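I opened this notebook to record what I looked up in one structure. The entries follow the order in which I consulted it.

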Amino acid sequence: MSATAILGCNKEFTYIEYSDKDSIINDFGVEIPVVKLEKTYTGSVQPVSNKMYEQMGLDLNKNYKIVYCPELLQSMAEKETTGRIIYDGRQWDIIENQNWFNSNGFTKCVICENKSLRNEQ
């Protein structure tokens, strides 16, 4: 029951996965990884509770969210390195993920905003 309540908050986000081997040199001479997969998903994006900050030892100066998604990324939870999530016009690094697909039908991941990539308006 709790899974349906969590997933009731339908938010779109984009998951981007980069190649482990391939990269290109951009116009500024910087090597950047090649995008292997870019797909839009719908799931639930929730704030991280103060208790969770304490339990996980998260940095209070950083911005974290929890993402739940039914389609997402069963494979994401099996990888050693993960991609990035674009949500709310910001880029987020995946810092922890768990495959709960077998028991609850969704994957949970904790993401941290990559503030160095924030687009200032």
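The entries below go from the overall fold to cores, aromatic pairs, salt bridges and a surface patch.

**Entry 1. Overall fold**

I note at the outset that this is a predicted model. I looked up the secondary structure and found three helices and six strands in the protein chain. Read from the N terminus, the elements follow the order α-β-β-α-β-β-β-α-β. I then checked burial: 32% of the 121 residues of the protein chain count as buried. The accessible surface of the protein chain comes to about 7,900 Å², and carbon and sulfur atoms account for 45% of that surface. For contacts between residues at least 6 apart in sequence, I recorded that 56% join residues at least 24 apart.

**Entry 2. Nonpolar cores**

I asked which residues make up the largest nonpolar core. This core has 12 residues in all: F13, Y15, Y41, V45, V67, C69, I85, Y87, W92, I94, C109 and I111. At least two of these core residues come from each of β1, β2, β3 (64–69), β4 (84–87), β5 and β6. There is also a second, separate core of 10 residues, with M52, Y53, Y64 and I66 among them.

**Entry 3. Aromatic pairs**

I looked up ring pairs next, and the count is two aromatic pairs. One of them joins Y53 and Y64 in an edge-to-face arrangement, with 5.3 Å from centre to centre and 80 degrees between the planes. The pair links distant parts of the chain, since Y53 belongs to helix α2 (residues 50–56) and Y64 to strand β3, 11 residues apart. I checked whether these two tyrosines are buried or exposed. Y53 is buried, at a relative accessible area of 12%, and Y64 is buried too, at 7%.

**Entry 4. Salt bridges**

I counted three salt bridges.

- E17 and K36 meet through their side chains, at 3.4 Å from N to O. E17 is in strand β1 and K36 in strand β2, so this salt bridge ties together parts that are 19 residues apart in sequence. E17 is buried, with a relative accessible area of 9%, whereas K36 is partly exposed at 49%.
- R84 and D93 form a salt bridge between their side chains, at 3.0 Å from N to O. R84 counts as buried at 17% relative accessibility, because the cut-off for buried is under 20%. D93, with a relative accessible area of 24%, is partly exposed.
- E113 pairs with R90, and their closest N and O atoms are 3.7 Å apart. This pair links distant parts of the chain, with E113 in strand β6 (residues 106–113) and R90 in strand β5 (residues 90–100), 23 residues apart. E113 is buried, with a relative accessible area of 5%, while R90 is partly exposed at 29%.

**Entry 5. Surface patch**

I asked which residues form a nonpolar patch on the surface. They are I24, F28, V30 and I32, which together have about 410 Å² of accessible area. I located F28 in the loop between β1 (11–25) and β2 (31–47). Why does F28 count as exposed? Its relative accessibility is 76%, and exposed means over 50%.

Methods:
Residues numbered from 1 in each chain as written. Predicted model: local features only at pLDDT ≥ 70, side-chain atom pairs only at ≥ 80, totals over all residues. Heavy atoms only, no water. Patch = residues over 30% accessible without salt bridge, like charges linked within 9 Å, V, L, I, M, F, W, Y side chains within 5 Å. Areas by Shrake-Rupley, 256 points an atom, 1.4 Å probe, with all protein chains shown as cover. Salt bridge = Lys/Arg side-chain N within 4 Å of Asp/Glu carboxyl O. Helix = DSSP H or I, 4+ residues; strand = E, 2+ residues; numbered from the N terminus. Buried < 20%, exposed > 50% of the residue type's maximum accessible area, 1.4 Å probe, protein only. Core = buried A, V, L, I, M, F, W, Y, C linked by side-chain atoms within 4.5 Å. Phe/Tyr/Trp six-rings, centres within 6.5 Å; stacked < 30°, edge-to-face > 60°. Contact = heavy atoms within 4.5 Å.
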